[in-house]
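Student: Before we discuss any details, could you put the sequence and the model on the screen, so that we can work through a few questions together?

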Amino acid sequence: MTEETLAERDALIGAALHHIPFDGWSATALNNAASDLGFDKECVAREFPLGVVDAIRHFSQQADRYMVHSIEEEDLTKMRMHERVGLAVETRLNFLEPHKEAVHRGMTWLAMPQNSMLGARLLYQTVDDIWYAVGDRSADFSFYTKRGLLAGVVGTTLLFWLDDRSEECSDTREFLSRRISDVMKIHATRKRFEHTCDRVLSPLNVITGVIKKRYVQPLAGKSRVT
């Protein structure tokens, strides 16, 4: 995607956000946005060929990009991992704050059965971007468990935030902090469990290998009909 294309799509979404509270995520909102910007009539079909699907996808990715770029400007060296994750989620919510109604309508649209797969993909992309932004480069089994756990945090926090009427969304920050704390406890427990399993299973694997090599394989060879 060229910078020009990205800029045009960002502009279209930015203009459409003024119409979405009234027209929802729809072709009407996108066409009105193009009209506001003075773009040609074909620009919506050109930039968002799948219509609302592409528009919502781009809006979510726009929030992810903002979050990643903002985190890259922060000094994370003195922050613990759970603090980095919390900052990333809060930063993304700050981007979405002026557009709560658009987010609410988008969540409603994604909750429809025919759109749920897109919602799952966008959530995965968000949590993947968060882990990348905070400096996690794990490639083992924890790669998936971390994303699964964080998806639950991001999803529930977003729903809580939509109904939060506290000053500067202080209740959301407290909710997010509790959820991340719970996840870190779960992750720590899982790591201890895996470590215990490794200590128990490793000797068993060695013993099993010896038995197989000394007894099972020779017997299997003798039993072969010639």
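Student: Which residues of helix α3 (residues 27-37) are buried?

Tutor: This is a predicted model, in which local features need pLDDT of at least 70 and side-chain atom pairs count only at pLDDT 80 or more, while totals for chains, interfaces and linings use all residues. Residues are numbered from 1 along each chain as its sequence is written, and side-chain values use heavy atoms, with hydrogens and water left out. Helices are DSSP runs (H or I, at least four residues) numbered from the N terminus, and buried means under 20% relative accessible area, exposed over 50%, with a 1.4 Å probe and protein chains only. On these terms, the buried residues of α3 are A29, L30, A33 and A34.

Student: Why do they count as lying on the same side of α3?

Tutor: An α-helix has 3.6 residues a turn, so residues three or four places apart point the same way. Here the arc, taken from the directions from the helix axis to the C-beta atoms, puts the buried residues on the same side because they cover only 135°.

Student: Which residues are exposed on the other side of α3?

Tutor: The buried residues of α3 are covered by elements including α1, α2, α4 (43-47) and α5. On the other side, the exposed residues are S35 and D36.

Student: With which side chain does the side chain of H19 make a polar contact?

Tutor: H19 sits in the loop between α1 (3-16) and α2 (20-23), and is buried at 18% relative accessibility. A polar contact is a pair of N or O atoms within 3.5 Å, where within protein one must be able to donate a hydrogen and the other to accept it, and residues adjacent in sequence count only if both atoms are side-chain atoms. At 2.5 Å, the partner of H19 is D36.

Conventions:
Helix = DSSP H or I, 4+ residues; strand = E, 2+ residues; numbered from the N terminus. Contact = heavy atoms within 4.5 Å.
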